[in-house]
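Here is a walk through one protein chain, going from the whole to a single sheet and then to a single residue. Keep the structure in view while reading.

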Amino acid sequence: MGADGSVIISGRNKVTDFEKFQAQKPAEPDNPDNPGNPDNPDKPNNPDSPDKPGNPSSPSNPQRKKLNAPAKVKAAQLSTSHNVKITFSKVSGAKGYDIYRASKAKGSYKKIGNTKKQSYTDKTVKKAKTYYYKVVARADKTAYNSALSKKYAKVKVLARPSAKAKAAKAKKVTVSWQKVSLAQGYTVYTSTRKNKGYKAVKTAKKLYVKVRAYYKENGKKVYGPYSKTVSVRV
C-alpha cells in the first residue's frame, strides 16, 4: 500500500520507483468547459465548427422551413358583376399564391386558380350561392409551400336586381325590382346624372335610379352588384 493509501498491483515481485511515482500521482480533474475529442484525445471538440456534422449552422445541413400561410384573407363581390375578388396578406419568400374554394366552412377546399399578386378574381361563381376561400403561399419547391390559411373568407353571391322606375303623382317616383335570393334588404340610389353622384333621393325633373341588394354579416351590410340604371321624369 502506498503512502496515500493506494494499492499497487504488479506482475513482478519488485516495484520500481517510477511505478511508485505514477501510482501516487493524483489524477487530473475533467474540464467540463473543454471536453475531449473522441477522435483525437489531444484535440478538444469545437462546438462552433461548421465542419462538424449535426451543427445547425453548417451550410451543408440547412434547416429550411415551410412558408407561413397568409394571415388575412378577404372576399367581396364586385359592384358591377357577380364575380368575387379575393385579397390576402403578403407572405415573405412566396413565389405566388394558390386559391382554394369550398361550399362549406369546414368542407373540402379545392384549388381554383393561382396568382403572383395579392388578389384574385373568381369568375366561376354562381348566383345565390355561398362560398368560402382559403389561400396557400407557394414556394419554389412544393415541399416548402405553406398549409392552407387558418382563416377563411366567406361571401354570398347576390344577383343583380332588375329595377324599374316610373313617375307618380305629386312629383314622386315609384321604384320596383325583382326579389334577389339570399338578400336581406335593398338600398335605392338616385342621381341627377347617369354615371355619378348617386345619393339620397333629391327633387328633380329627371332622376336616374339603381338598386343594390345586401345581406348582413356580423352586423354589417354586404352588398351585391348594382342594377342597371333606369331613368324617370318626375
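Among contacts in the chain between residues at least 6 apart in sequence, those that join residues at least 24 apart make up 52%. The model is a predicted one. Buried residues account for 31% of the 234 residues in the chain. The accessible surface of the chain is about 16800 Å², and carbon and sulfur atoms hold 49% of that surface.

The chain contains one helix and 13 strands. Read from the N terminus, the order of elements is α-β-β-β-β-β-β-β-β-β-β-β-β-β, with the helix ahead of the strands.

One part of this fold can be followed strand by strand. Three strands make an open sheet, in the order β1-β2-β5, with antiparallel pairing. At the edges are β1 (73–77) and β5 (119–122), each of which pairs on one side only. From one strand to the next, the twist averages 20°. In general, the strands of a sheet are paired through backbone hydrogen bonds, in a parallel or an antiparallel way.

Consider the two pairings in turn. A hairpin of six residues links β1 to β2. Strand β1 pairs with β2 (residues 84–88) in the antiparallel sense, over five bridges. Within this pairing, Gln 77 stands opposite Val 84 of β2, and Lys 74 has Thr 87 of β2 as its bridge partner. On the other side, β2 and β5 pair over four bridges, again in the antiparallel sense. Here Val 84 has Asp 122 in β5 as its bridge partner. Val 84 is therefore a place where β2 can be traced both to Gln 77 and to Asp 122 in β5.The two faces of β2 can also be told apart. Val 84, Ile 86 and Phe 88 form the covered face of β2, while Lys 85 and Thr 87 form the uncovered one. In a regular strand, side chains alternate between the two faces of the sheet.

The last stop is a residue in a loop. Ser 146 is located in the loop between β6 (130–138) and β7 (153–156). Is Ser 146 buried or exposed? Its relative accessible area is 8%, so Ser 146 counts as buried, the cut-off being under 20%. Leaving out residues up to four places away in sequence, Ser 146 touches Leu 67, Asn 68, Ala 69, Pro 70, Val 136 and Ala 137. With Ala 137 there is also a polar approach: a polar atom of the Ser 146 side chain lies 2.8 Å from the backbone nitrogen of Ala 137.

Note on methods:
Residues are numbered from 1 along each chain as its sequence is written. This is a predicted model: local features need pLDDT of at least 70, side-chain atom pairs count only at pLDDT 80 or more; totals for chains, interfaces and linings use all residues. Side-chain values use heavy atoms; hydrogens and water are left out. Two strands pair if DSSP finds at least two bridges between them. Axes are lines fitted to C-alpha atoms, for helices over the stretch in contact, and angles run from 0 to 180 degrees between N-to-C directions. Buried means under 20% relative accessible area, exposed over 50%, partly exposed in between (1.4 Å probe, protein chains only). A polar contact is a pair of N or O atoms within 3.5 Å; within protein, one must be able to donate a hydrogen and the other to accept it, and residues adjacent in sequence count only if both atoms are side-chain atoms. Contact means heavy atoms within 4.5 Å. Accessible areas come from the Shrake-Rupley method with a 1.4 Å probe; for residues, only the protein chains shown count as cover.
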